[in-house]
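Got the viewer open? Let's walk through this one stop at a time, selecting as we go.

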Amino acid sequence: MRRLRPLLAVGLLLAASVVGIRLLLSRQAAIARRRIGKPLGEESVDADRLWRRKLDGEPIELLLLGDSLAAGLGAQTRKQTLGGRLSKALAVRLQRPVRLTTGAVVGAESPDLGSQIDALPAGYRPHVAVIVVGGNDVTHRIPVAASAQHLEKTIGRLLAVGAEVVVGTCPDLGALRAVPQPLRRLAASMSRRLAEVQAETAVRAGAEPVDLRRAVGPMFFDAPEEMFSLDLFHPSALGYRRTAEALLPAVCRAAGKVTPVR
């Protein structure tokens, strides 16, 4: 019995520590939600249109799937959204009109990707599909394996209709200054792990991944006032510009595989 007492004491101490950590993280999550709020609302700017319509040739069909980043929440005009910036730049690069279709939904998680495809018009066939998702998976604690499974299935469905797929991996949530420590460090670690698995999944499934954490993460860390919108969570116009620039080379390569390059 005497030997068991120290072990019991250690066990109780560990249990208490776990409970204390959970309570701390819960309080910090509540603080982060209050700080961020919803000053931008839940509706992004509608950027779906035919971009650079005066250019010759059949339009390149560009599809964006994913969460609020893919939808462009935080941008003030359609030209500032991720889809708008990609469409305009792709049209200039390939000298072809680009028709943008945005299936992305604010607040979406990886399990929602399938329903976003289901909601597309019957018979729609994109040339290039860009998927950006993951931030909400982290904040809502979606298991990484489940996120990867839904991503892989979505890529497979897109490839089956002839699309080339580009995956922008989960951004580094460690850049979110509105989230207090140590919750921010935990979110950073989880988002980095998800990004790694997303990249592996994309390659395995036949898509091209773009590591947004490495490509634009340092900019969000170094200049948060410029890169984030007023809620300090979604990108600003400049944040979307830098993100689009990181994705553009892969999007151009994808478009070149399925459409004639002039």
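Start by selecting Val-144, Ser-147, Ala-148, Leu-151, Glu-152, Ile-155 and Leu-159 in helix α6, then add Arg-193, Leu-194, Val-197, Gln-198, Thr-201, Ala-202, Arg-204 and Ala-205 in helix α7: these two groups meet. Contact here means heavy atoms within 4.5 Å. Sort the residues of this contact and you get nine nonpolar, three polar and three charged. For that sorting, Ala, Val, Leu, Ile, Met, Phe, Trp, Tyr, Cys and Pro count as nonpolar, Asp, Glu, Lys and Arg as charged, and the others, Gly among them, as polar.

A word on what you're looking at: this is a predicted model, where local features need pLDDT of at least 70 and side-chain atom pairs count only at pLDDT 80 or more, while totals for chains, interfaces and linings use all residues. Residues are numbered from 1 along each chain as its sequence is written, and side-chain values use heavy atoms, with hydrogens and water left out.

Now show α6 (residues 144–160) and α7 (residues 183–205) whole. They pack at an angle of about 30 degrees, and their axes are 9 Å apart. That makes α6 roughly parallel to α7. Angles under 35 degrees count as roughly parallel, over 145 as roughly antiparallel, 65 to 115 as roughly perpendicular and the rest as oblique. Axes are lines fitted to C-alpha atoms, for helices over the stretch in contact, and angles run from 0 to 180 degrees between N-to-C directions. Helices (H or I, at least four residues) and strands (E, at least two) are DSSP runs, numbered from the N terminus.

Next, the sheet. Which order do its strands take? Follow β1-β3-β2-β4-β5-β6, an open sheet of six strands with mixed pairing. At the edges sit β1 (50–51) and β6 (208–210), each pairing on one side only. Strands pair if DSSP finds at least two bridges between them.

Zoom in on β4 (residues 128–132). Five of its five residues are buried, meaning under 20% relative accessible area; exposed is over 50% and partly exposed in between, with a 1.4 Å probe and protein chains only. Color Val-128, Val-130 and Val-132, which point one way, then Ala-129 and Ile-131, which point the other. β4 pairs in the parallel sense with β2 (residues 60–66) over five bridges, and also in the parallel sense with β5 (residues 164–168) over five bridges. Click Val-132 to see both sides: Gly-66 is its bridge partner from β2, and Gly-168 is its partner in β5.

Bring up helix α3 (residues 82–94) and helix α10 (residues 237–258). Their axes are 8 Å apart, at an angle of about 45 degrees. α3 and α10 are therefore oblique to each other. Select their contact, including Leu-86, Ala-89 and Leu-90 of α3 and Tyr-240, Leu-247 and Val-251 of α10. Its residues divide into 13 nonpolar, one polar and three charged.

Keep α10 on screen with the sheet: α10 lies across β2, β4, β5 and β6, running at about 170 degrees to β5.

Finally, zoom out. The protein chain has ten helices and six strands, and buried residues make up 47% of its 262 residues.
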